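Me: Hi! Could you walk me through this structure with me? I'd like to start with the domains and then look at a few backbone details.

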Amino acid sequence: MASNIDRGRYIRSAGLVGVKYLVLLSGAAAVAFPFLWMVFTSFKGPSEIFTYSFKLLPSKWRFSNYLEVFEFIPFGRMFLNSVIVSVVITISQMFTGALAAYAFARLRFPGRDVLFYAYLATMMLPEQVRIIPSFLLLKWMHLIDTHWALTLPWLAGPFSVFFLRQSFLDIPQSLLDAAQIDGAGHLRILFQVIVPLTRNTFLTLGVFTFMWSWNMFFWPLVMTQSLTMRTLPVGLAMFKSQMGTNWAVMMAASVLAVAPIILAFFLAQRRFIEGITLTGLKS
Amino acid sequence: MKSAVLKSLGCRRYKSEDTRVAYAFLFPSAVVFLVFTAFPFFYSLYLSFHEWNILTPAKPFVGLGNYASLFRDPDFWNAVKNTLIYSAGAILGTTLTSLALALLLWKGLRARNFFRTVYFLPVVTSLVVVAIVWSWIFDPQFGLANKLLKLIGINGPAWLYSPHWAMFALVFTSIWKHSGYYMVIFLAGLYGIPEVFYECAEIDGANGFQKLWHITLPLLRRVTALVMVMLTINSFKVFTLVYVMTGGGPMKSTETIVNYLYRQGFESFRMGYASAIAWVLFIVILLVSLFQMKFIGGRRSAIGQQY
C-alpha cells in the first residue's frame, strides 16, 4: 500500500520534472533562435533573404556581408567611440565615486547625511528632464558632436557613490585606525587599504557602468550629429533607418556589435548577472 | 549637554581636517552634479514656462501656457495612450514570464545555471541590436515570424507596418529582452524564503500547488510589487525600442511620450514645449517612486536603471 503511494508519487513527480524541462527548453529555444537567425542571416545572399521558403542555414556562406558593413558605415570608428566613451565613464565613475563614498562613509562633517540623501534622491530624476538643458548648455560650450558631450555629464553619479558607500561602511574602523596610526593620510587609506579590500564591489560596479554606458542610446543620439561621432548603438540605428531592408549586412553589423559583449558575458557570467541586476537586488 | 561639555573642554564635534578632506573628496562629484543635474533641473522648469524655438533668440514667457496646450494636444494624448498600452502589456507580460521562469528554475534542477545563462543572454545584448533583429523577424514578407505562421497555415499580419499589430510586436520584443533581468530578481527573492516554511507544509501534507499558492506567492509579494514598479517606471520611459523598430509609426500608432518629446524637442526644436512634456513625465515617475517608497520600501532600486 505504502509503496504504491510512493510509486505513484514518484511517477507523478518524474512527469512533472519532464514537463518542467520541456517548458524550460522551449523557453531557451525561443531565446536562442533569434540569435541563430541573426547569425545565419548574416551569411546569406539576397536570393536567400528575399525568399518565401523557410530555410535556416545559408546554402552558400557569404562572408562578404561582413566586409560590406565597413563600406556602408564607419563601423570601426563607431566601435572606437563606444569604447572611448564607456571606458572613460567607467573609470571616472569609479574614481569620483570612491572619493565621494569615502567622504560619506568614513568622514564626519556638517551636513553629511542631508547631502548624501539629497544626492541620492536625484536618482529619481529621469534623463529626459536633464537632456534638453544639457543639450543647450553643451551647445553653448561648443561641445555638441564631441566625446566631451557624451562623457562630461556622466563622469560622476549618485549610484556609484551610493553603491560604494555601502561596502565602505562594512570595513571595520580598527583597520583604518591602524593605518592612520601608521601615518597614512586619507588618500592612502582609501586607495591602499579600502580599494583593495572592496575589489569585488569595484568590479561589479565596473561591469554595470560599462554595460550601461555601452548601451546608452537617447543621450548620444541627441548629443552627436556626424556619422563619425556616433556611438555603436546610435550608428546601428542610423544604418537601419537608411539601409532599410539590407538585412544581411545589418545582421552582420549586429553580430559584430554584440559578439564582444556576449563573449565577455560567457567569460564572467556571475559578475555580469550581479552587475546588471545590481539596482534591483539592492532592495 | 554632552556636546556642551565637550565644547567647554575645547573639543569640537567635527574635526576641521575631516571637513576639509571631505569637501575636497566631494568636489569632483559636486561639480558634475551642479553643472549637469542641478542646473538642468531648474533650467528645464524655467524653459517649460517659456515658448522657445531654438532658432530664434526670442524666448517669451508663457506661464503655464505650454502645459495648457499640452493638455489640449491630441498628439500628446495619443502618446499617453500608447505609452499606457505599451506599459500594460510589458508590465503584465514581463512579470508573468519572469516569475514563471524563476519558479521553474528555482529548485531541484541540475541544469539551472545553463538555463539562467541562456535566459540572461537578451539582457546583455544591446537593445538596439535586439530591436534590429526583431524588426527583421517581424518583416511582413520575408521575416521569420510570418514564415513560421505560414507553416501552420496562418497568413501573418504586416506587424510593424500595421497600426493594429505594431504595438503588439514592440511589447513582445520588450518581454523577450527584459524577462531574464526580472527573473534574476525573482530568483533572489525566492532564495530568501526560509526552508522551514516548506518543511512545515510538507508535514501538514500540502501538495506542490498548495505550497506555491499559500507560501511562495504570498511571500514573494514584496518582490513582485518591486518588479512591477520597476517595470512601470521603465515602461513609461520607453524610447529606444520604438525609435528603432517603428519610429512611432505607422500613423503615430506607437508614438510614446518620450518619442513625442524627442520629436518636439529635437526635430521641431520646440524646447519649451518639450520641457513641459519632460516635466509631466517626471512628475508621474516621481509619484510612482514615492508610492514605491511608501508602500513597498526598498528605496531607489529601479530608479537609476536605464533601458
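Reply: Happy to. One term to begin with: two residues are in contact if their C-beta atoms, placed from the backbone, lie within 7 Å. Also, this is a predicted model.

Me: Good. What domains does the assignment give for chain A?

Reply: The domain assignment splits chain A into domain 1 (2-65) and domain 2 (68-281).

Me: How far apart are the C-alpha centres of those two?

Reply: The C-alpha centres of domain 1 and domain 2 of chain A are 35 Å apart.

Me: And how many residues are in contact between them?

Reply: Eight residues of domain 1 of chain A are in contact with eight of domain 2 of chain A. On the domain 1 side, the elements giving two or more residues are α1 (2-41) and α3 (64-72) of chain A. α1(A) gives the most, with three residues.

Me: What's the chemistry on that domain 1 side, nonpolar, polar or charged?

Reply: The domain 1 side that touches domain 2 of chain A has three nonpolar residues, four polar and one charged.

Me: Switching topic: what is phi of A:His142?

Reply: Phi of A:His142 is near 60°, a positive value in a residue other than glycine. A:His142 is in the loop between α6 (127-140) and α7 (147-151) of chain A.

Me: Why does A:His142 count as exposed?

Reply: Because A:His142 has 10 other C-beta atoms within 10 Å, and exposed means 12 or fewer.

Me: Where is B:Lys252?

Reply: B:Lys252 is in the loop between α12 (240-245) and α13 (257-267) of chain B. Phi of B:Lys252 is also positive, near 60°. B:Lys252 counts as partly exposed, with 18 C-beta neighbours inside 10 Å.

How values were computed
Residues numbered from 1 in each chain as written. Chains lettered and ligands numbered in written order. Predicted model: local features only at pLDDT ≥ 70, side-chain atom pairs only at ≥ 80, totals over all residues. Helix = DSSP H or I, 4+ residues; strand = E, 2+ residues; numbered from the N terminus. Buried ≥ 20, exposed ≤ 12 C-beta atoms within 10 Å, placed from the backbone. Domains from an automatic or database assignment. Nonpolar A, V, L, I, M, F, W, Y, C, P; charged D, E, K, R; others polar.
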